Amino acid sequence: MNDQRPLVIVVAIALVGLVLLTKLFLIQVADDSFLKRAERNAIQRVVDHPYRGLVYDRTGKIMVYNNPIFDLMVIPREFTVKDTARFLEIFQISKEHLIEGYEAARKYSSVKPSPLIRQISTSDFARIQDYLIDYPGLFVMTRAVRSYPQPVAANALGYIGEISARQLERDTLKYYRQGDYVGLSGVEGFYEPELRGVKGVKYKMVNVRGVDKGPFKNGEYDTASVAGHNLTSTIDLQLQEYGEMLMAGKRGSVVAIEPNTGEILAMISAPSYDPNVLTGAKFSANYLLLNQDESKPLFNRPIMAMYPPGSIFKVVQSLIGLQMGVLSPNTTYSCNRSLVACHNHPNPVNLFGAVKYSCNPYYHQAYRAMINREVSRSTFKDTEIGLNAWREYVMKFGLGGPLGIDMYNEKGGSIPSSNLYDRIYGAGRWKYSTIYSLSIGQGEMLVTPLQMANLAAIFANKGYYYTPHLIKAIDGDPNKIPLKYRTKNEVGVDAHHFDLIQDAMAEAIYGTAARAAIRDITIAGKTGTAQNPQGEDHSVFIAFAPKEDPKIAIAVYVENAGWGGRAAASTASLMIEKYIRGEITRPALEEYVLTGKFM
């Protein structure tokens with residue numbers, strides 16, 4: 001038994017050695033995981049960000065293009081700085097910036113790259129590129145910022161910015177990473193999936209000092225980025241520029257639409273800003289200044305501001321009354337100023353005269369006839385039933401809810417229902433005398449300037465509209481835009497009812513809006529003066545032209561500018577002439593609008 005003990009020991013040692021040799025073989029030959037780990041330590045994964053798609057105006061002029069910029073990326077585990085003062089001098093940043101940037105990157109990941117210095121200009125990159133070899137863990141990633149050859153249409157085009165933590169959480173496709181840039185508003189935000197393109201990835205070899213040693217395995221695993229789709233806007237850049245010039249120094253909106261397509265020719269929000277200030281390294285500082293500006297240049301008035309429509313709503317009332325059978329061309333009411341105030345005009349008036357002279361008492365009486373149809377013996381219940389039935393007609397005109405323009409944050413205005421008045425006064429405790437101000441577009445009714453322009457398009461088209469939109473083609477193909485922008489929306493009013501209304505609107509130009517008249521171009525329009533409890537009334541005007549073959553429908557809203565026949569009508573008339581003729585033949589009217597002395 002004792003003689004076998006050495007043999008057992010030898011066998012045990014042999015078995016242990018065999019196990020170790022087998023494990024060594026597996027590690028060095030059969031199993032390449034350690035090799036892959038070593039390779040990963042020497043391989044740098046670089047995301048190739050695509051160029052965003054370009055944006056052109058409807059005539060092919062460039063509106064938005066890309067300028068290259070550079071982000072200095074850091075991999076915290078590999079990054080070392082021996083001489084901090086020299087580093088700060090070379091890269092022209094503060095010590096606080098360096099510490100904060102490094103700590104943020106380390107918190108995100110010690111082995112993945114994060115931005116240390118963002119949006120370095122081409123000239124600054126040329127200055128620092130030769131120093132990068134001295135700092136392991138640093139490399140440059142190329143990106144692009146948006147540039148605008150003409151500083152207009154800022155609110156319509158929108159801007160891009162760094163993705164937020166909340167947006168990253170909502171990114172179910174996991175396309176974005178911390179530090180990526182996305183469209184945040186306007187066209188940039190709505191068409192982000194089309195504009196952003198597809199990221200590529202490049203793998204490159206680096207030595208221990210971070211020096212680029214060329215592509216990994218000759219680029220076998222690299223994927224090329226794909227540029228975003230180019231968009232053709234509906235905007236007429238020349239008309240947009242002219243409209244912004246006319247609205248300089250004012251507050252309000254101008255929206256012009258091509259009636260037979262719903263394409264927005266111009267969308268002016270005043271005051272505005274130069275979109276170039278929200279690009280590059282000064283984005284945050286400039287955004288803060290704009291956001292704190294009391295004139296609210298970031299507030300997109302055409303789709304977000306809500307006002308009482310005023311007298312322009314009388315045209316809608318006329319059409320609904322005709323369709324309901326409550327009104328006819330011969331329906332006549334006296335201008336009874338004991339009901340509501342009015343201005344001097346022939347008395348009494350029929351429907352044509354009511355539109356032409358914008359008679360308030362006429363619509364007070366006509367609206368009562370629409371609401372109180374004697375469906376119920378109770379005047380309270382009868383008014384409730386009539387209001388809800390009337391509201392259904394109004395909603396078909398694209399009012400009371402967002403139209404669905406290709407922009408986010410569109411407001412829908414308000415067309416009150418019986419539920420609203422029940423909450424205010426109590427069920428069964430209100431009647432026509434409570435709501436009569438709706439007859440002339442006042443009271444609890446609110447619309448946006450975009451909805452006003454769409455009304456003008458409906459009047460031009462005799463009863464239908466296409467949902468207003470800012471993009472007419474993607475990569476030159478109009479069929480790639482959403483289907484709803486190519487779908488006709490009927491408002492439920494027979495086309496023949498519009499004949500009288502169009503004729504009356506054309507005559508109104510020579511009554512309440514004589515300044516808007518253009519020689520050889522027949523304009524059909526309607527003025528409005530929206531009451532403003534906080535100051536001077538707002539000037540409102542909608543129109544389309546030429547009446548016989550409409551090419552443009554327009555709404556102008558100038559805050560605190562008084563009567564609609566002055567500021568708003570004059571501005572709209574100049575915009576119409578500019579679009580149809582390409583030039584202005586009335587310099588005196590142009591000077592009148594530019595000076596802004598309307599009161």
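Trainee: Which residues gather in a patch of positive charge on the surface?

Mentor: They are Arg45, Lys112, Lys174 and Arg177. This is a predicted model, in which local features need pLDDT of at least 70 and side-chain atom pairs count only at pLDDT 80 or more, while totals for chains, interfaces and linings use all residues. Residues are numbered from 1 along each chain as its sequence is written, and side-chain values use heavy atoms, with hydrogens and water left out.

Trainee: What makes such a group a patch of positive charge?

Mentor: Patch members have over 30% relative accessible area and no salt bridge; like charges are joined within 9 Å, and nonpolar side chains (Val, Leu, Ile, Met, Phe, Trp, Tyr) within 5 Å. Lys and Arg count as positive and Asp and Glu as negative, with His and the chain ends not counted. A charge is placed at NZ of Lys, CZ of Arg, CG of Asp or CD of Glu. Areas follow the Shrake-Rupley method with a 1.4 Å probe, and for residues only the protein chains shown count as cover. Arg45 has a relative accessible area of 47%, so this residue passes the area condition for a patch.

Trainee: Why is Arg45 called neither buried nor exposed?

Mentor: Buried means under 20% relative accessible area, exposed over 50%, and partly exposed in between (1.4 Å probe, protein chains only). At 47%, Arg45 is therefore partly exposed. Arg45 is found in strand 1 (residues 43-48), where strands (E, at least two residues) and helices (H or I, at least four) are DSSP runs numbered from the N terminus.

Trainee: How do you know that Arg52 forms a salt bridge with Glu192?

Mentor: A salt bridge is a side-chain nitrogen of Lys or Arg within 4 Å of a carboxyl oxygen of Asp or Glu. The closest N and O atoms of Arg52 and Glu192 are 2.9 Å apart, so the pair qualifies. Arg52 lies in the loop between strand 1 and strand 2 (55-56) and Glu192 in helix 9 (residues 192-195), so the pair ties together parts that are 140 residues apart in sequence. Arg52, at 9%, and Glu192, at 6%, are both buried. Salt bridges that share partners join Arg52, Arg146, Glu188 and Glu192 into one network.

Trainee: What are the accessibility classes of Lys547 and Asp503, which form a salt bridge?

Mentor: Lys547, at 19% relative accessibility, counts as buried, whereas Asp503, at 36%, counts as partly exposed. Their closest N and O atoms are 3.0 Å apart. Lys547 lies in the loop between strand 17 (538-545) and strand 18 (552-558) and Asp503 in helix 20 (residues 497-508), so this pair ties together parts that are 44 residues apart in sequence. That loop also holds Pro546, and the peptide bond from Ala545 to Pro546 is cis, with omega near -15°.

Trainee: Why is Leu239 called buried, and which residues does Leu239 touch?

Mentor: The relative accessibility of Leu239 is 2%, so Leu239 falls below the cut-off for buried. Leu239 lies in helix 10 (residues 237-246). Not counting residues up to four places away in sequence, Leu239 touches Ala256, Leu265, Ala266, Ile552, Met575, Lys578 and Tyr579, where contact means heavy atoms within 4.5 Å.

Trainee: What is the sign of phi in Gln119, and what is the accessibility class of Gln119?

Mentor: Phi of Gln119 is near 50°, a positive value in a residue other than glycine. Gln119 is placed in strand 4 (residues 114-120) and, at 13%, is buried.
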